[in-house]
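Me: Got a minute to walk through this protein with me? I'll throw questions at you as they come up.

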Amino acid sequence: MKFPVLQKLLKNDDAFLIFGEVSRKYLTCFSSSDGYLLVKKDEACFFVDARYFEDAQKKIDSCEVELFDGFDRIKRHLDGTKNIIVESNYVTLRQFEKLKGVFSPVAVNFGDEPDGELQRMRAIKSEDEIASLKTAQKIAEIAFDEALRFLKAGVSENAVAAFIEYVMRKNGGEKLSFDTIVVSGASGSVPHGVPGEKIISKGEFVTMDFGTVYGGYHSDMTRTVVVGRASERQRNIYNAVLEAQEKAIKAVKPGLKCSDLDKVARDHLSEKGFGEFFTHSLGHGVGLEIHEAPTVSAKCDRLLECGNVITVEPGVYIPGELGVRIEDFGLVTENGFDNFTKADKNLIEIV
Ligand SMILES: [Mn+2]
């Protein structure tokens, strides 16, 4: 089904040559660090080298598979092709110059497609993709539950991050979705801070933002907990973030503008007096990449669609003092939001 959508965009003598790793994986459902996918009006063929060829032949049924032993192999498929279009987002200038030489006299050009179409397709998740995303999230939540027992005053941010990563991998995670964030106390005011040797102390917020990959698909969640008892100020700020997040989650529906969803959370935090401290976008699409379409930001006028998988992650970051972020991710459905994230969101005090 995916190839015909691309083939419709082609003129008769055009071909797409796709080699972004994510695009290849999306179209073939096969992971490889190298390879070229040639899509012509009436043909689609994946060229992959000997490291993957045998496995690719067994696993790929959506297109032909040929051994890549040089560009002449691809050239043999170019009878009648006048113009090769490569993905502008994934091809370096060096690769582009090389391909121009290799395929001459066939022209090689950058194009808005296939990138644009692939990103549009990827924003609407299939059932299989949704199953992988949910599994990735389940694995991450096992790690969160165990981390709550591991986390205490006296351990370092690095130790907590390493623990979370170990538990995710042990439970079937293929790799990290991104570098795990564990930040505590005043370090928490940097939204994407890097964990360090800092020792977590009583009375501090600890923000943990992490995820794992399953079947090639990413998970993404953030929880902020407090070590010891929360102060009144901590509780006020935490609850403002939580209410903003829950309001936004309730507002999710197909047809809603991404910027309007961002506004729901932002307005709530402004009402509570923390608007200026919510310094990033509300969320983003998640799939084969940790950040993909749609972007849920104040600037994005795209409409949410059924099948989008997005994060909802407001935060408040007060420089020199603290940070709080709460992040869930899930699916946009006819009825609203199917939240993949089940972990408790009431303020957890680790005592
Ligand atoms: Mn996120």
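Reply: Sure. Helices (H or I, at least four residues) and strands (E, at least two) are DSSP runs, numbered from the N terminus. This is a predicted model, where local features need pLDDT of at least 70, side-chain atom pairs count only at pLDDT 80 or more, and totals for chains, interfaces and linings use all residues. Residues are numbered from 1 along each chain as its sequence is written, and side-chain values use heavy atoms, with hydrogens and water left out.

Me: Okay, where is Q245?

Reply: Q245 sits in helix α9, which covers residues 232–251.

Me: Is Q245 buried or exposed?

Reply: Q245 is buried, at a relative accessible area of 0%. Buried means under 20% relative accessible area, exposed over 50%, and partly exposed in between, using a 1.4 Å probe and protein chains only.

Me: And what is Q245 in contact with, leaving aside neighbours within four places in sequence?

Reply: V312, P314, I326, E327, D328 and K345. Contact here means heavy atoms within 4.5 Å.

Me: E327 rings a bell. Which residues are the protein donors of the manganese ion?

Reply: D220 (OD), H284 (NE2), E313 (OE) and E327 (OE), at 2.1 to 2.3 Å from the manganese ion. Donors are N, O and S atoms within 2.8 Å of the metal (3.2 Å for Na, K and Ca), and water is not among the atoms, so sites may look incomplete.

Me: How are the donor residues spaced in sequence?

Reply: The pattern is D-x63-H-x28-E-x13-E. H284 and E327 link distant parts of the chain, 43 residues apart. H284 belongs to strand β12 (residues 283–285), while E327 is in the loop between β16 (322–325) and β17 (328–333).

Me: Are H284 and E327 buried or exposed?

Reply: H284 is buried at 9% relative accessible area, and E327 counts as buried too, at 0%.

Me: Switching to pockets. How much space lies in the largest pocket?

Reply: About 340 Å³. Of its 19 lining residues, the closest to the centre are I181, H192, D209, H291 and E313. E313 is also one of the manganese donors.

Me: What counts as a pocket?

Reply: On a 1 Å grid over the protein atoms alone, a pocket is an open set of points where a 1.4 Å probe fits, with protein on both sides within 12 Å along at least five of seven lines. Lining residues have an atom within 4 Å of a point. Grid points are joined across faces, edges and corners, and the volume is the space filled by probe spheres set on them.

Me: How does the lining divide up?

Reply: Six nonpolar, eight polar and five charged residues.

Me: Now the rings. How many aromatic pairs are there?

Reply: Twelve. Rings of Phe, Tyr and Trp (its six-membered ring) pair if their centres lie within 6.5 Å; planes under 30 degrees apart count as stacked, over 60 as edge-to-face and the rest as tilted. One of the pairs is F30 with F46, which is edge-to-face at 6.4 Å centre to centre and 65 degrees between the planes. F30 lies in the loop between α2 (21–28) and β2 (36–40) and F46 in strand β3 (residues 43–48), so the pair ties together parts that are 16 residues apart in sequence. Both F30 and F46 are buried.

Me: Why is the pair of F329 and F340 edge-to-face?

Reply: Because the planes of F329 and F340 are at 85 degrees, with ring centres 5.3 Å apart. F329 is in strand β17 and F340 in the loop between β18 (336–339) and β19 (349–350). F329 is buried at 0%, and F340 counts as buried at 5%.

Me: Which residues do ring pairs link into a cluster?

Reply: F19, Y36, F68, F71 and F103.

Me: Backbone oddities next. What about P105 and P114?

Reply: The S104 to P105 peptide bond is cis, with omega near 10 degrees, and another cis bond joins E113 and P114, with omega about 10 degrees. P105 is in the loop between α5 (93–103) and β6 (107–111), and P114 in the loop between β6 and α6 (115–122). Then there's C29, a residue other than glycine with a positive phi, near 60 degrees. C29 is exposed, at 57% relative accessible area.

Me: Last one: how many helices and strands?

Reply: Ten helices and 19 strands. Of the 351 residues, 58% are buried.

Terms used: Ala, Val, Leu, Ile, Met, Phe, Trp, Tyr, Cys and Pro count as nonpolar, Asp, Glu, Lys and Arg as charged, and the others, Gly among them, as polar.
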